[in-house]
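Reader: Got a minute? I'd like a quick tour of this one.
Author: Sure. Here it is.

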Amino acid sequence: MTKMGATEPKLEELPDNNKRVKNPLVPIGALITAGVLTAGLMSFKQGNSQLGQKLMRARVLVQGATVALMVGSAYYYGEQMNWFKKSKD
């Protein structure tokens, strides 16, 4: 319930907006990880343990790459923020 005349804050005005990292590869990596996991579990359920085992190994690789992207993005954008703060001073 809002008061008359009150406006909703815009996305740019939200406090955590500057902390958000915009890297489209991270959600794509998460979706690929979920897809490989689902395929591996379905293979195990159907009794194809060799294929399931290969898919689980592939999932670990994709998940590791996604985590590496997250860490790399955080480091990259963190360094940019530090450089921006130094140049402002």
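Reader: Which residues is Thr33 in contact with, leaving aside neighbours within four places in sequence?
Author: Arg59, Val62, Gln63 and Thr66. Bear in mind that this is a predicted model.

Reader: Where is Thr33 found?
Author: In helix H1, residues 25-46.

Reader: Is Thr33 buried or exposed?
Author: Buried. Its relative accessible area is 12%, and the cut-off for buried is under 20%.

Reader: Which other residues in H1 are buried?
Author: Alongside Thr33, the buried ones are Val26, Gly29, Val36, Gly40 and Ser43. They cover an arc of only 110° around the axis, so they sit on the same side of H1.

Reader: Why would that spacing line up?
Author: An α-helix has 3.6 residues a turn, so residues three or four places apart point the same way.

Reader: What does the face turned away from the buried side of H1 carry?
Author: Exposed residues: Leu31, Lys45 and Gln46.

Reader: What span should H1 have, at 1.5 Å a residue?
Author: 32 Å for its 22 residues. The end C-alpha atoms are 31 Å apart, which agrees.

Reader: What follows H1?
Author: Gly47, with a positive phi near 95°.

Reader: Switching topic. Where is Ala74 found?
Author: In helix H2, residues 49-88. Ala74 counts as partly exposed, at 46% relative accessibility.

Reader: How many residues apart in sequence are Ala74 and Lys22?
Author: 52. In space, their C-alpha atoms are 9.9 Å apart.

Definitions and conventions
Residues numbered from 1 in each chain as written. Predicted model: local features only at pLDDT ≥ 70, side-chain atom pairs only at ≥ 80, totals over all residues. Heavy atoms only, no water. Helix = DSSP H or I, 4+ residues; strand = E, 2+ residues; numbered from the N terminus. Buried < 20%, exposed > 50% of the residue type's maximum accessible area, 1.4 Å probe, protein only. Contact = heavy atoms within 4.5 Å. Expected span 1.5 Å × (residues − 1). Arc of directions from axis to C-beta.
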